[in-house]
Amino acid sequence: MPDIQAPDLSFAALAPLLFVLGAAAAGVLVEAFVPRAARHRTQVALALVGMLGALVGTVLLAGTQEVTAAGALAVDGPALFLQGTIAALGALSVLLFSERALDPARSAFVAAAAVPAGTVRDRELATSTRVQTEVYPLASFAVGGMMLFTAANDLLVMFVALEVLSLPLYLMAGLARRRRLLSQEAAVKYFLLGAFASAFFLYGLALVYGATGSIRLSDIGAASGRTGSEPLLLLGLGLLVVGLMFKAGVAPFHSWTPDVYQGAPTAVTAFMASATKVAAFGAVLRLLYVGFGDAADTWRPLVYTLAIVSMVVGAVLGLTQTDLKRMLAYSSIAHAGFLLTGVLGVDGSGLAATMFYLLAYGLTTLGAFGLLTLVRDGDGEASALSGWAGLAQRSPVVAALMTFFLLALAGLPLTSGFTGKFAVFRATIEAGAWPLAVVALVASAVAAFFYLRVVVLMYFAEPAADGPTVGVPGLPTTVVLAVTAAATLLLGLLPGTVLDLARSAAVLVG
Amino acid sequence: MTIANYLVLAAVLFTIGAVGVLVRRNAIVVFMCVELMLNSVNLTLVTFARSTGGLDGQLIAFFVMVVAAAEVVVGLAIIMSVYRTRRSASVDDVNLLKY
């Protein structure tokens with residue numbers, strides 16, 4: 001038996017990760033030791049410091065190309081670009097979580113998650129202004145796991161990161177203060193299906209290990225290039241892809257997405273829809289390009305099919321939705337398909353296009369869900385589409401912003417959505433997969449219909465007499481909306497700098 | 001016993017677990033089926049470690065056990081909170097979210 005060697009760690013390259021995970025661990029201590037009155041402020045500050053610190057760390061590390069921790073972690077352009085994106089989206093999500101002006105009970109999160117919903121004690125707590133703060137350390141842990149996920153150069157680290165990011169998300173999905181039954185149901189569904197999917201990922205890991213004798217992506221890459229289509233390796237690859245596609249919300253592994261997006265607290269949905277998608281695609285890109293880059297013929301038909309199924313399912317089922325959160329969930333499924341068309345690009349163009357799309361889509365989605373938290377009725381957020389009728393008369397600003405975000409999601413010019421779609425479709429066509437680009441354009445047109453339906457509803461329908469009211473957001477939500485709207489506009493008008501950054505960062509180390 | 005027998009046994013266990021997740025109605029039993037899948041993966045990993053002579057497979061099995069334990073903590077907490085509200089752990093009863 002060989003000895004186990006202690007790995008060499010490059011702490012500088014891992015600084016962003018350590019920073020955010022350190023803040024998460026400190027958050028657990030704050031939860032235990034800081035008095036309740038000061039806890040909310042401390043937790044928000046700590047989580048923000050952790051995530052913004054990680055963001056600064058990734059910027060300072062720009063240009064790093066190294067493999068550390070005995071080959072288990074790769075700190076390279078795509079890892080840093082996506083880690084920075086995740087940290088920024090995480091920080092904006094924390095701002096959304098910390099909003100205290102909208103809900104009369106001063107928080108969107110349940111005061112005591114262990115109290116059964118619907119009991120006397122629960123009704124007392126629902127109207128009290130007691131605020132629970134465990135969501136901040138949980139979010140920090142999730143962000144840490146996501147950042148690790150994009151840098152994982154080893155299937156084991158990828159699996160551990162998958163769980164580190166998933167476990168807090170399962171809990172966060174169940175923390176809504178209003179409509180607790182829906183929220184708990186979302187948590188149960190997300191958990192059971194998530195655990196099921198990670199079992200598939202793990203079995204894939206075991207089969208790939210058996211076929212290649214290694215779990216290091218570079219070794220797998222060498223072995224897969226050599227052996228080509230060995231059945232054990234192909235089966236393993238298929239199972240790994242199933243596990244990752246589940247996290248990315250790609251049809252046909254999307255069944256959890258609408259339920260969980262609808263049931264979870266809206267701020268948490270914003271976080272899941274933006275940051276989780278970035279992390280999952282980061283892992284997909286690394287697995288396929290580094291681990292199976294020389295055996296691309298084995299996975300290209302698979303990704304090709306998944307992209308078509310996801311775009312069609314997302315766009316068609318999105319048409320039938322009557323709830324805005326569910327509609328945005330199907331939109332995210334369609335966007336996962338668009339992202340997969342970028343994955344098919346060759347020679348780094350696909351990588352750069354996908355990374356830019358992830359950044360643009362993450363910010364726009366976060367803004368759209370952030371806006372959803374403003375429109376409220378007596379029982380929390382009014383996400384039913386009927387409640388949004390004639391919203392422009394009640395609040396022109398909210399209606400205009402929502403229109404802008406929806407147009408960006410639809411991919412209209414002068415928004416980041418157009419630039420992103422243009423980039424991934426061009427990468428697809430350059431790779432010779434033009435039929436896929438045709439399907440993607442048709443799916444975009446179908447999806448544009450249901451986005452525009454909301455716009456028409458907001459501007460040209462009569463408002464209901466007992467419709468929802470539009471809350472006045474506090475500073476945190478205002479900041480989030482301003483940043484996401486500005487980013488959506490800037491990435492649409494002047495995408496050059498960020499596109500160049502993505503292009504120069506698009507080099508994976510093995 | 002050859003190596004292949006262990007792999008076949010693990011594949012059978014994995015399939016039983018996967019089918020169980022799909023057909024069983026009680027959330028706890030569904031969760032136990034997921035655990036069965038994870039343990040069949042451990043068996044696969046240890047078998048492959050034996051056949052290749054390396055330590056990696058055995059090490060990964062330990063990681064899987066730790067992660068499975070963490071998953072149990074989170075999962076049972078969620079199932080418990082639902083059970084206390086609804087007095088039922090059946091996955092058919094959590095049906096408020098649809099279409």
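Biologist: How far apart do the end C-alpha atoms of residues 28-48 of chain B lie?

Modeller: Happy to help! This is a predicted model, where local features need pLDDT of at least 70, side-chain atom pairs count only at pLDDT 80 or more, and totals for chains, interfaces and linings use all residues. Residues are numbered from 1 along each chain as its sequence is written, while chains are lettered from A and ligands numbered from 1 in the order in which they are written. The span is 100% helix and 0% strand (DSSP runs numbered from the N terminus: helices are H or I, at least four residues; strands are E, at least two), and its end C-alpha atoms lie 30 Å apart.

Biologist: What reach does helix α2 of chain B have from its first C-alpha to its last?

Modeller: α2(B) covers residues 27-52, which is 26 residues. The expected span is 1.5 Å times one less than the number of residues. That expectation is 38 Å, and the helix comes close to it, reaching 38 Å.

Biologist: Which helix gives the most to the side of chain A that touches chain B?

Modeller: Residues are in contact if their C-beta atoms, placed from the backbone, lie within 7 Å, and the contact takes 38 residues from chain A and 34 from chain B. On the chain A side, α6 (155-173), α7 (180-212) and α10 (256-263) each supply at least two residues. The most, 18 residues, comes from α7(A).

Biologist: In β4(A), what is the bridge partner of A:Asp377?

Modeller: Strands pair if DSSP finds at least two bridges between them. β3 (residues 375-377) and β4 of chain A pair in the antiparallel sense over 2 bridges. The partner of A:Asp377 in β4(A) is A:Gly380.

Conventions: Contact = placed C-beta atoms within 7 Å.
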